[in-house]
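Work through the exercises below with the sequence and the structure open. Each task is followed by a solution in steps.

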There are 2 protein chains.
Amino acid sequence: MTEIRYDVVGIGNAIVDVIARCDDAFLAARDLKKGSMQLIGTDAVMELYKSIGPAVEISGGSAANTIVGVASLGGTAAFIGKVADDELGRIFAHDIRAAGVAFDTPPSKGGASTARSLILVTPDGERTMNTFLGVSPELDGGAIKADMIAAGRIVYLEGYLFDREEAKAAFREAAGIATKAGRQVALTLSDGFCVDRHRDAFRALVKDQVDILFANESEIKSLYQTENFDDAARQAAADVKLAVLTRSAKGAVIQSGGKAVTVAAAPVAKVVDTTGAGDLYAAGFLYGHAKGLDLETCGKLGSLAAAEIISHVGARPEQPLAALARTKGLI
Amino acid sequence: MTEIRYDVVGIGNAIVDVIARCDDAFLAARDLKKGSMQLIGTDAVMELYKSIGPAVEISGGSAANTIVGVASLGGTAAFIGKVADDELGRIFAHDIRAAGVAFDTPPSKGGASTARSLILVTPDGERTMNTFLGVSPELDGGAIKADMIAAGRIVYLEGYLFDREEAKAAFREAAGIATKAGRQVALTLSDGFCVDRHRDAFRALVKDQVDILFANESEIKSLYQTENFDDAARQAAADVKLAVLTRSAKGAVIQSGGKAVTVAAAPVAKVVDTTGAGDLYAAGFLYGHAKGLDLETCGKLGSLAAAEIISHVGARPEQPLAALARTKGLI
């Protein structure tokens, strides 16, 4: 039996975000669906990069952001994800380790490059993501380390991994290891379009292997193919032990054991960039849950972390979340 | 006779900034002098990078920041600087072009990598820079394009170039071309320690070839080896047509033709990161001067641009400076 060493172990795409501002007309002219994530290839990423404004590079990746958030709250955390042996890969590895996260997935040499996501932020703070996955889905060949996964109280998986077959296999392998070790398996659905593309696989996974499900309103509606949020929430509650459903400014609904807890969103003076809002909500919630806190406190920690992240550019915390949570009396 | 196509042509190091927060103890433990720039080698940059916290990558470089500021104010601008054919080089080239600056210095292949500066920002907003110059000083072999320099109303050179022999030669070449073409030559002293290392060369250059000199208080005192600012200002006024001397929160003193104009610093709600303050002051001033505005307005444009840059992380404007200047009635 492996000893528990981490509150949360995350598995996801290892991405460096390239964040630039644009107006709505820029998105419209390129048929980019505001608020969504689309996958793009080498040529498309180069073409789009040429057309965007000056950018800022910040480490990202959905589950990676969450794991950094857990560490920022004072939790113990590890991350599994694939980078290449290139400059962006070194940036990703540096930043996640510097945040206090255990990260030792070896970089790939000589193949595809490290993933990057061109993130366009409109004046309303909404982000539209255009992701070149590069080497990121190549999680086969020993990247999924059983001992690390079994050492996590919760194993957290991002739905985005489902967009590539090789990553999907790694995803299932990790979930299997966690289940076998008696760990909790958490999943975020990641994106409405991602759910559309892989609905059946997600439904089976949620029902069979997931203990804790994170989804926003559009994702959970898409998963259960209903226009009614309450209906979707009911179905989620039947499928998983714990469903954490976020509704942006409307706050979150947490379903557990037949009960529903509603937690308001934390106030934000100005929404600068929504990138990472869901990721950091999950961070706060998972940290609280791993520490055995009640669901309402878990939800409040989620709201707090999400509020911090949307108040600035980028999806990594700019201030230690633990200090922030302490000033609010949450931890 | 070459036609004027640019308000300002800048020549400087082409650097990507790697910006991380740290506390004063971190600087003290490593003998890093707060507020200064030190040059470091390959091993030292790798070692320091390992020890710093999560970072953000943003294009930088002193003269490059200035030139982007000129473009952001609506001026026409070009930049000459050397990057390698690598990821950071592509980031630098993208960002400066996306800002509307003409940049066509060809990247080097197979040699040193693109320059980066590890910038440590303390809680007081002060920045301490640790720069690995990489390929940046290699401005020989045709990088200094005479037609581009002759097409600039003002040629702006950064003093940091003096820290490497090959760049110093390029610097002199550029100044020579500008003078021969009847253009104005502007210089920023860049850093007190840089002035210490190259005082005699700077003194000769300022006296013989510079029309517009930018310096902060410690730099100008160092240049003339005096502890008295007024004394240094007097000597500067004797050496150049126009001396623009900045004194941080105390504002700036502009010396021209025997007159001195004092311009107050623009108010800033919170100093987040002083990186680029001097660079953007120069941007505002040079834009105004190229457009034939009076010295006080030039100074106010400088203060406005500097105030914008120190209110956020990074040395590139987050909002169009032209719009900002229009709301203040400056342009």
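**Exercise 1: The axis**

The C-alpha of A:Glu57 lies 2.4 Å from the rotation axis, the closest approach of any residue of chain A. The model is predicted: local features need pLDDT of at least 70, side-chain atom pairs count only at pLDDT 80 or more, and totals for chains, interfaces and linings use all residues. Residues are numbered from 1 along each chain as its sequence is written, while chains are lettered from A and ligands numbered from 1 in the order in which they are written.

Task: State which turn and shift lay chain A on chain B.

Solution. Superpose the copies by least squares on the C-alpha atoms of residues with pLDDT of at least 70 in both. A turn of 180° with a shift of 0.0 Å along the axis lays chain A on chain B, with an RMSD of 0.0 Å. The two copies are thus related as by a two-fold rotation axis. The same surface serves both copies, as 100% of the contact residues of chain A recur in chain B.

**Exercise 2: The side of chain A that touches chain B**

Task: Find which element supplies the largest share of this side.

Solution. Count residues in contact, meaning that their C-beta atoms, placed from the backbone, lie within 7 Å. Chain A gives 19 residues and chain B gives 19 residues. Next, assign elements as DSSP runs, numbered from the N terminus (helices: H or I, at least four residues; strands: E, at least two). Strand S4 (56-59) and helix H4 (87-98) of chain A each supply at least two residues. The largest share, 6 residues, comes from H4(A).

Finally, look at S4(A), which runs antiparallel to strand S4 (residues 56-59) of chain B and is joined to that strand by 3 bridges. Two strands pair if DSSP finds at least two bridges between them. In S4(B), B:Glu57 stands opposite A:Glu57.

**Exercise 3: The open sheet**

Task: Name which strands of chain A stand at the edges of the sheet.

Solution. Write out the order of the 9 strands in chain A: S6-S5-S1-S9-S10-S11-S12-S13-S14, an open sheet with mixed pairing. Strand S6 (102-103) and strand S14 (259-263) of chain A are at the edges; each has a single partner strand, so one side of each is left without a neighbour in the sheet. S14(A) pairs with strand S13 (residues 252-256) of chain A in the antiparallel sense over 5 bridges. Within S14(A), A:Ala260 is the bridge partner of A:Gln255.

Notes:
Two residues are in contact if their C-beta atoms, placed from the backbone, lie within 7 Å.
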